[in-house]
Amino acid sequence: MPKVYFSPSFENILKVLEKFKIPERVFPIKLHMGEIGNKYAINPEYVRKIYLLFKEKGFEPFLFDTVVAYSSPRSTKQGYLDLAKRRGFNFARIVIGDKGPKRRFEDLEIEIAKEIAESEFILILSHVKGHELTGFGGAIKNVGMGCVSKKSKIDLHSKTSFNWESSKCIFCKTCVNSCPSGALTFQDSNLVLKGNCIGCGICMKACPTKAIKISGLQRNIAISCKLCLENKEYICINWLGNITKYCDCNSDPGPIVCQDIGWLVGRDIVAVDAASLWLIEKKCGKIFERLHGIDPWLQIETAEEIGLGSSKFEIIKV
Ligand code: SF4
Ligand code: SF4
């Protein structure tokens, strides 16, 4: 079972990090450096200490993220660089990526940022918080959405599909009643979409006969993450602090919805995200599901199903 190291203390987590072997001298630290005005995204001081830990050992890490697809200073490389420096990330070399090689899994093709595709090792530093479309965002989302081109980001959001197998349906209408968007209805004994499906997967999970299959955003992100990490080593650091309702892409990420918990480190991205969610739910209940009407575990379950990692974990408190 994958080990996930946990501590409320950042200093203790730095001591754990010191013990990991890193295969490459120059490597990216993949992180989200925060939207303009967002006061809850990761504090640059934490990042600086992680950066220095490796720099003092002779490594050459650089801070890495990609341009975003929505309207923001972060939608251009120069705009993101300027913003990152203004936010306090001026102690290290910063690289903002976009295009790169394409990879495919089943029906999904994604374009991975060149710098990620060419790295043998990635240090994945993620802030765990809520997300309106995926329930929560952790390491899987940081990589799956954050390491791909602008075009692929748009594709990941738009390529969701809904499939219903009539032969399996017992017409209980559980799906219709559980859909948070009111998107489902029966017409002449056929289950059809009448409105905007956000790909949350709640109907799929609620259906007692598995008659519904949704390929949604959570699944797309898990697949994208798997493609980005193919043939690579990585270490995940998840920060469970400033746990906001919405993600770091918002200038105003909403209120803090759960008290600070601490830091997790591990080598299995699914296990680290699963342990993060487990700790949050232990402290604050099913907070993300309550707030967003989306089951955040679907991302973890899909990631495990496609072979990205294990949803089982052993927490080692340090
Ligand atoms: S995936 Fe979510 S939004 Fe789409 S039909 Fe199912 S429950 Fe409704
Ligand atoms: S929940 Fe499943 S079995 Fe029930 S009506 Fe919907 S598709 Fe049919």
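Guide: Welcome! Domain bounds come from an automatic or database domain assignment. This is a predicted model, in which local features need pLDDT of at least 70 and side-chain atom pairs count only at pLDDT 80 or more, while totals for chains, interfaces and linings use all residues. Residues are numbered from 1 along each chain as its sequence is written, and chains are lettered from A and ligands numbered from 1 in the order in which they are written.

Visitor: How far apart do the C-alpha centres of domain 1 and domain 2 lie?

Guide: Domain 1 takes in 3–157 + 217–317, and domain 2 takes in 161–215. From one C-alpha centre to the other, the separation is 31 Å.

Visitor: What radius of gyration does the protein have?

Guide: The radius of gyration is taken over C-alpha atoms, and the globule rule is 2.2 Å times the number of residues to the power 0.38. The C-alpha trace spans about 70 × 40 × 35 Å along its principal axes. For 318 residues a compact globule would come out near 20 Å, and the protein agrees, with 20 Å.

Visitor: What share of the residues is buried?

Guide: Let's count neighbours: a residue is buried if 20 or more other C-beta atoms lie within 10 Å of its own, exposed if 12 or fewer, and partly exposed in between, with C-beta atoms placed from the backbone. Of the 318 residues in the protein, the buried share is 47%.

Visitor: Which strand runs parallel to β1?

Guide: Helices (H or I, at least four residues) and strands (E, at least two) are DSSP runs numbered from the N terminus, and two strands pair if DSSP finds at least two bridges between them. Strand β1 (residues 3–7) has an antiparallel partner in β17 (residues 262–266), with 4 bridges, where F6 is matched with L264. On the parallel side there are also 4 bridges, and K3 is matched with E314. That parallel strand, at residues 314–317, is β18.

Visitor: Is L156 buried or exposed?

Guide: L156 sits in helix α6 (residues 150–158). Two residues are in contact if their C-beta atoms, placed from the backbone, lie within 7 Å; leaving aside neighbours within four places in sequence, L156 has contacts that include M145, L217 and I221. L156 has 21 C-beta neighbours inside 10 Å, so it counts as buried.

Visitor: Which residue just after α12 takes a positive phi?

Guide: Helix α12 (residues 297–305) has buried residues, among them W297, L298 and I300. Their cover includes α5 (139–144), α8 (202–206), α9 (217–229) and α10 (269–284). Just after the helix, with a phi of about 85°, comes G307.

Visitor: Is K210 buried or exposed?

Guide: Most residues other than glycine have a negative phi. K210 is not a glycine, yet its phi is positive, about 55°. This residue lies in the loop between α8 and β13 (212–215). K210 has 10 C-beta neighbours inside 10 Å, so it counts as exposed.

Visitor: How many nonpolar residues are in the shell around ligand 2?

Guide: A residue is near a molecule or strand if its C-beta atom, placed from the backbone, lies within 6 Å of it; of the 15 residues around ligand 2, those that come nearest are C169, C172, T174, C175 and C207. Ala, Val, Leu, Ile, Met, Phe, Trp, Tyr, Cys and Pro count as nonpolar, Asp, Glu, Lys and Arg as charged, and the others, Gly among them, as polar. The shell has 2 polar residues and 1 charged, and its nonpolar residues number 12.
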